[in-house]
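Trainee: Could you walk me through this structure and show me how each label is earned?
Mentor: Gladly. Let's have it in front of us first.

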Amino acid sequence: MSRLQRYGGWALITGASSGLGRAFARLMAAEGIDCVLVGLEGERLEALARELSAEHSVCCRTLEQDLADDGFLERVEAFTADIPVGILVNNAGIGCGGAFATRDPKRIAQIIKLNCLAPVVLTRAFLPQMLARNAGAIIMVASLQAFISSPFEATYCASKAFDLHFGESLWGELRKTSVDVITVCPAGMKTDFFKADGLSGEDCTRMWKVSACPESVAALTLKKLGRKSVIAPNVAGLVGFLARLIPRRWSIRVVEFVTRRLVHYEQL
Ligand SMILES: NC(=O)c1ccc[n+]([C@@H]2O[C@H](COP(=O)([O-])OP(=O)(O)OC[C@H]3O[C@@H](n4cnc5c(N)ncnc54)[C@H](OP(=O)(O)O)[C@@H]3O)[C@@H](O)[C@H]2O)c1
């Protein structure tokens, strides 16, 4: 039995079609974990499912589902009613970069539903069965920005602070059970995230230069399962540490300065 299999045979991974979610799915399948892949784009999910089944002989199910939709849980529960989900990866997330006063109110609401509400609803749905089986793991995907209030990313960084506090609180609550909860706080990663957030090709390239591979972030998270949280890559942990030491108004001004230089939202 592999290290991950002790949590149960199946993992449910949200936002599995790309980036960090896909990296988690690949690592878990390599350890013989069957996967439920949830995301917006069915074709990409199915392509990944075919790849994982062929390479690792695991079972994969794909569910094309907008997790910001009201009532998404009924579909997820119906889809997983006959399998024991031992690992829940709350990964799907979007950003909303730019001056807050100009952001689309619908997108702002969608961020809160997807980044905050969906992980809470899914965790509440799957945790009782993990506790009943005496085994389980919940992975919350927050961000380094959870520690640092970020001008031009107000809703996003607040949503990630929510994820961090939710995940770490649950870790404390479940510390003496057989359910592990870890919150990963990645710094920038080379994924589609920046493009989906509306950054230009040039800005994406600039961000990618200072970003980590999602595969290394996923691997570090799985290695540290059992801890309360991890900042990834390791070197970014220093930034998280310093951000907690210096006065908050300084860190906010540093982020503002860096953001204005790294990205060119038209409203800056
Ligand atoms: N990239 C970074 O620099 C960075 C840094 C810190 C934290 N994070 C966090 O890491 C997580 C993964 O992001 P990523 O970097 O891997 O970005 P990504 O490649 O854009 O992946 C986002 C995933 O979320 C899915 N998704 C988006 N909206 C959805 C919705 N309404 N319902 C269901 N699924 C939805 C996407 O599905 P489709 O592809 O099918 O649309 C995709 O699979 C996010 O929570 C993000 O906040 C990212």
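Mentor: Keep in mind that this is a predicted model. Let's begin with the ligand: a backbone N or O atom of Asn91 lies 2.7 Å from one of the ligand's oxygen atoms.

Trainee: What makes that pair involving Asn91 a polar contact?

Mentor: Set the value against the cut-off: a polar contact is a pair of N or O atoms within 3.5 Å. The Asn91 pair is at 2.7 Å, so it counts as a polar contact. Ser17 has a side-chain N or O atom 2.7 Å from an oxygen atom of the ligand, and for a polar side-chain atom of Lys160 the distance to a ligand oxygen is 2.9 Å.

Trainee: How much of the ligand's accessible area does the protein cover?

Mentor: The ligand on its own has 900 Å² of accessible area, and the protein covers 94% of that. Two or more residues of the shell come from each of α1 (19-30), α5 (154-174) and α6 (193-196).

Trainee: Which residues come nearest to the ligand?

Mentor: Of the 31 residues around the ligand, those are Ser17, Arg44, Asn91, Tyr156 and Thr191. Sorted by class, the shell has 15 nonpolar, 11 polar and 5 charged residues.

Trainee: Now the sheet. How do you know that β4 and β5 pair?

Mentor: Two strands pair if at least two bridges are found between them. Strand β4 (residues 85-90) and strand β5 (residues 136-141) have 4 bridges, in the parallel sense, so they pass that test. Asn90, for instance, has Met140 in β5 as its bridge partner.

Trainee: In what order do the strands of the open sheet run?

Mentor: There are 7 strands, ordered β3-β2-β1-β4-β5-β6-β7, with parallel pairing.

Trainee: Why do β3 and β7 each have one side without a neighbour in the sheet?

Mentor: β3 (60-64) and β7 (229-232) stand at the edges with a single partner strand each, so one side of each has no neighbour in the sheet. On average, neighbouring strands are turned by 15° against each other, direction ignored.

Trainee: Which strands does α5 lie across?

Mentor: α5 lies across β5, β6 and β7, and runs at about 155° to β6. As for α1, the strands it lies across include β1 (10-14), to which it runs at about 170°.

Trainee: What is special about the backbone at Ser57?

Mentor: Ser57 has a positive phi of about 55° although it is not a glycine. Its place is in the loop between α2 (42-56) and β3.

Trainee: And which peptide bond is cis?

Mentor: The one from Ala232 to Pro233, with omega near -5°. Pro233 sits in the loop between β7 and α9 (236-245).

Key. Residues numbered from 1 in each chain as written. Predicted model: local features only at pLDDT ≥ 70, side-chain atom pairs only at ≥ 80, totals over all residues. Heavy atoms only, no water. Near = heavy atom within 4 Å. Polar contact = N/O pair within 3.5 Å; in protein donor to acceptor, adjacent residues only side chain to side chain. Areas by Shrake-Rupley, 256 points an atom, 1.4 Å probe, with all protein chains shown as cover. Nonpolar A, V, L, I, M, F, W, Y, C, P; charged D, E, K, R; others polar. Axes fitted to C-alpha atoms, helices over the stretch in contact; angles between N-to-C directions. Contact = heavy atoms within 4.5 Å.
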